[in-house]
Amino acid sequence: MRNILIVFLSVILFSLILFSGLLNSYSKEARLPFYFYPNGKIAVSNGSHADLVGMKIDLIEYEIVRKLGADYGLSGHQFHFFAKEGSIARSLSLDMRSSFDVLKDFLPDIFLSLLYFLVAIWFFFYTRDLYIFLLFGSLSSLFLFNFFLLAFHDFLFPFFFFLYFTGFLILDVSFRLRGKEIPSRWFAPQVIFSLVAGFVGLSQKGNPDLFQFLSVNGMYFNVFSAGICILQLVFHTFRNKGNFQEVSKKLSIVLAFFLITIVPFLMAESGSAKSFFMIRPYLMATLILFPVLIVFGTYTYSLVPVQIAFSSSLTSIYSILILTFGYLFGLEFFVRWNPGFLGKHQREWNLFYVVAAAYFLGSLNNKLYKWIDYWSFRNNPKLHTALEELSVMIGAPISMRATINNLIRRLVDALEVKKLQILIPADKFSGTDLRNINFIRIPFGSEIWTYFEDHTEVTITSHLAYGLGIRESVFKFLNQMEVQLAYPLFNFEKGKEVIAVFLVGEKINRKNFTLGELRFLKECTRLASLLIRNYSLLVDEVEKKRIVRDLNMAAVLDKTLHLPELETIKSVQLGYFTLPAVGISGDYLDILKLSPKKQLLFLGDVSGHGLGSGYLVSAVRGIIRRQLGNSSSLPDIFRAINLFLIERYRGSEFMTSIAGIYNASDGAFSFVNAGHTPPICIRKNGKIELRNETQRVLGVLPTDYRILTIHLNPGDKLVLFTDGVTETFDDNEEIFGEENLLRILSLNHDKDAQSLADLIKKTLEEFRNYKEPSDDISFVCLEVSE
């Protein structure tokens, strides 16, 4: 039903265009029994005068007879015709015929134009192939306006526009059919050149020599374009040999362009009357065969929806259209206001408009670009908000692995796509476990990665559909993964070195991406490039420092992982564990007995993990011990750590921390929380209480920290932990989460402190399938004895 409706609407639209042209050119006038171009070249003839096709009529003689026909009659006039072989004279009569009578003589031409119009619509709706759609649309328009030109000597502007524009489109399609991207910056000059050809042909309407020059050179240009297309396709086909079916499809396209351009050109150049007589029926047959061959040659990929992606050249196209309509509006204004003025000053008007257009084109482009950017992207609250969230997300104090996963999830939600993955070469992060990150490794040096290394622009999967060799391999790779767009990510410190590729899947609603979404994706690639670069630097740092790890491990581990012999006050029991992500922990855990009645718990999480964070943990430990030796309060200790981080690292390092002192005299746990995960109180009856009050992270700004209090009764437990506990991921990228932790603590509230710590450790190991943790993990439980 949908197909029938599309065909029906297409036929109606075409009919409206045809009859609008007929009404514009409608007249009932005396006509000769053949049709010729404004230069006198006879192209269509019926009946006994078919031998005149290819010859030229004496235009001066024809105009005299036409003007005097009303006075001296329409029959028995002598006309002279010229050809390479010589000239002939023939007595002919003029017949009165209406526009619709003329239409009957051009029914094959109208049928061809309608056929190509329907093929263009088919390519647009079923393949979204812009350039093949434009080619068939341009050919359809050329056939239609060729009819108007022959029958009424009208519509010179669209005839010459589509004559030259078709030649450019053949060149564009030659790229398209080889699976190559077509630079969008080419489109603007192609349209401009075609418009100039149309304007020149229109302004010199009464000049047969100029018509001869423009039409002949337009024909040569189309033949040249077809020749280039044929040579490129043949070279591409035999350079990248595929199976017989693939080669036959490419050769069918070669044959199609050869039959409709090269063969008729050679027939016309032979100059014989017999050749001219055969050109029209030959063209009718081959032009019907042409779309069949093109559809056959592209059928393998005809069901691949094409994403039309525009660059900044889109604004140039819009500017050209605005200037074109401005020119046509100016012509219409002069025609209605003072036709005589336009006739006298046509050249001056053309020159003035060209100079004015060239002067204002730059500013018009800038205004249009800002307008398009605003209405397609910045005025879209969904995309704009998503981009702001992504910017904040990258700077958030969470692990790099979690940041990448969160970024991908947010992008998928904002764009409503089925999937989004990051393609990296195998040598990138070779020693890193990427099973919890949406990365895909591909062998470095493979033809797939080589292709992406050499292409710094976005790759649209369907644009590679007709390619052979490496483009065919890339197309199959992306198509099997249901990827629609591939955006390169760059290391801008080394120019435009491609370090990874964003693989964007199809939209859930199977529609194309909007201009705003493409702009959003481009901005996201910059953020992702920065993120991948930072992740790469982190991995490189870890790899380099692993070399010296053995030299420093013992000393650092003694200070960060191995607590001194555990001293606790008599009224409490303690259980704990700590697991580093890369051998040296970025978590700081300290348990100290301050007095017979006071127990100190200190837990911190330094940004990052590895050797660098291990040294920072060691420095923080020294500050804490020194402050405790001076009998400083918890707020004073936090201010000292905060000042150290600000002065030493100037905001490049920060730390979350929670520290508290349990006083057995009154059961109070007095603590300070600087941006850390909340402490959990497990009452004796199993009830869970969270204290979510928190203060500023250490290392950001000077802050006055205050003490908070939790009262613990005999049998109660207090749990402190780092975010590595709740941000543990399984093989399916599911997070362990706070909810699971609280559930396990509630169900096992009757276990002692160390048994509870061991249970949490075992549960996390099973959840991540015994892989290395992606973040440092620390857990401590204080239990008040009954």
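Start by selecting Glu-416, which sits in the loop between helix H15 (400-415) and strand E8. Keep in mind that you are looking at a predicted model. Check the backbone here: phi of Glu-416 is near 55°, a positive value in a residue other than glycine. With a relative accessible area of 38%, Glu-416 is partly exposed.

Now step along into strand E8 (residues 420-425) and pick Gln-421. Is Gln-421 buried or exposed? Its relative accessible area is 14%, under the 20% cut-off, so Gln-421 is buried. To see what surrounds this side chain, show Asn-438, Ile-440, Met-481, Val-501, Phe-502 and Leu-503: these are the contacts of Gln-421 once neighbours within four places in sequence are left aside.

**Two crossing helices**

Next, colour helix H16 (residues 447-454) and helix H17 (residues 470-480). Their axes come within 9 Å and cross at roughly 100°, which means that H16 is roughly perpendicular to H17. Which residues make the contact? On the H16 side, select Glu-447, Ile-448, Tyr-451 and Phe-452; on the H17 side, select Ile-470, Arg-471, Ser-473, Val-474, Phe-477 and Leu-478. Colour this set by residue class and you should find seven nonpolar, one polar and two charged residues.

Stay with two members of that contact, Tyr-451 and Phe-452. Their rings form an edge-to-face aromatic pair, 5.5 Å centre to centre with 80° between the planes. Tyr-451 is buried, at a relative accessible area of 2%, and Phe-452 is buried too, at 3%. If you enjoy hunting for ring pairs, the count comes to 34 aromatic pairs.

**A cluster of rings**

For a group of linked rings, select Tyr-35, Phe-106, Phe-145, Phe-147, Phe-148, Phe-152, Phe-155, Phe-157, Phe-161, Phe-162 and Phe-165; ring pairs link them into a cluster. Then centre the view on Phe-145, in helix H5 (residues 130-152). Phe-145 is buried, with a relative accessible area of 13%. What does Phe-145 touch, not counting residues up to four places away in sequence? Show Phe-155, Pro-158, Phe-159 and Phe-162 for the answer. For Phe-155, draw a C-alpha to C-alpha distance from Phe-145: the two are 10 residues apart in sequence and 6.5 Å apart in space.

Another member of the ring cluster, Tyr-35, takes you to a hairpin. Here strand E2 (residues 34-36) and strand E3 (residues 42-45) pair in the antiparallel sense over three bridges. Tyr-35 stands opposite Val-44 in E3. Five residues lie between the two strands of this hairpin, and Gly-40 in the turn has a positive phi of about 95°.

While you are in this part of the chain, look at Gln-190 in helix H7 (residues 187-203). Gln-190 counts as buried at 7% relative accessibility. Leaving aside neighbours within four places in sequence, its contacts are Phe-168 and Asp-172.

**A five-stranded sheet**

Switch to cartoon view and trace the order E14-E15-E16-E17-E20: this is an open sheet of five strands with antiparallel pairing. Which strands stand at the edges? They are E14 (587-595) and E20 (708-711); each has a single partner strand, so one side of each is left without a neighbour in the sheet. Neighbouring strands are turned by 15° against each other on average, direction ignored.

Zoom in on one edge of the sheet. Strand E17 (residues 668-674) and E20 run antiparallel and are joined by four bridges. Select Ala-668 and you will find His-711 of E20 opposite. Then bring in helix H21 (residues 634-649), which lies across strand E15 (598-606), strand E16 (655-663) and E17. Compare directions and you will see H21 running at about 165° to E16.

**One more loop, then the whole chain**

For a last close-up, go to Tyr-770, in the loop between helix H24 (753-767) and strand E22 (777-784). Phi of Tyr-770 is near 65°, a positive value in a residue other than glycine. Tyr-770 counts as exposed, at 56% relative accessibility.

Finally, zoom out. The chain's secondary structure comes to 24 helices and 22 strands. How much of the chain is buried? Of its 786 residues, 52% count as buried. Among contacts with a separation of 6 or more, 70% come from residues 24 or more positions apart.

Key. Residues numbered from 1 in each chain as written. Heavy atoms only, no water. Axes fitted to C-alpha atoms, helices over the stretch in contact; angles between N-to-C directions. Parallel < 35°, antiparallel > 145°, perpendicular 65-115°, else oblique. Contact = heavy atoms within 4.5 Å. Nonpolar A, V, L, I, M, F, W, Y, C, P; charged D, E, K, R; others polar. Pairing = 2+ DSSP bridges. Phe/Tyr/Trp six-rings, centres within 6.5 Å; stacked < 30°, edge-to-face > 60°. Buried < 20%, exposed > 50% of the residue type's maximum accessible area, 1.4 Å probe, protein only.
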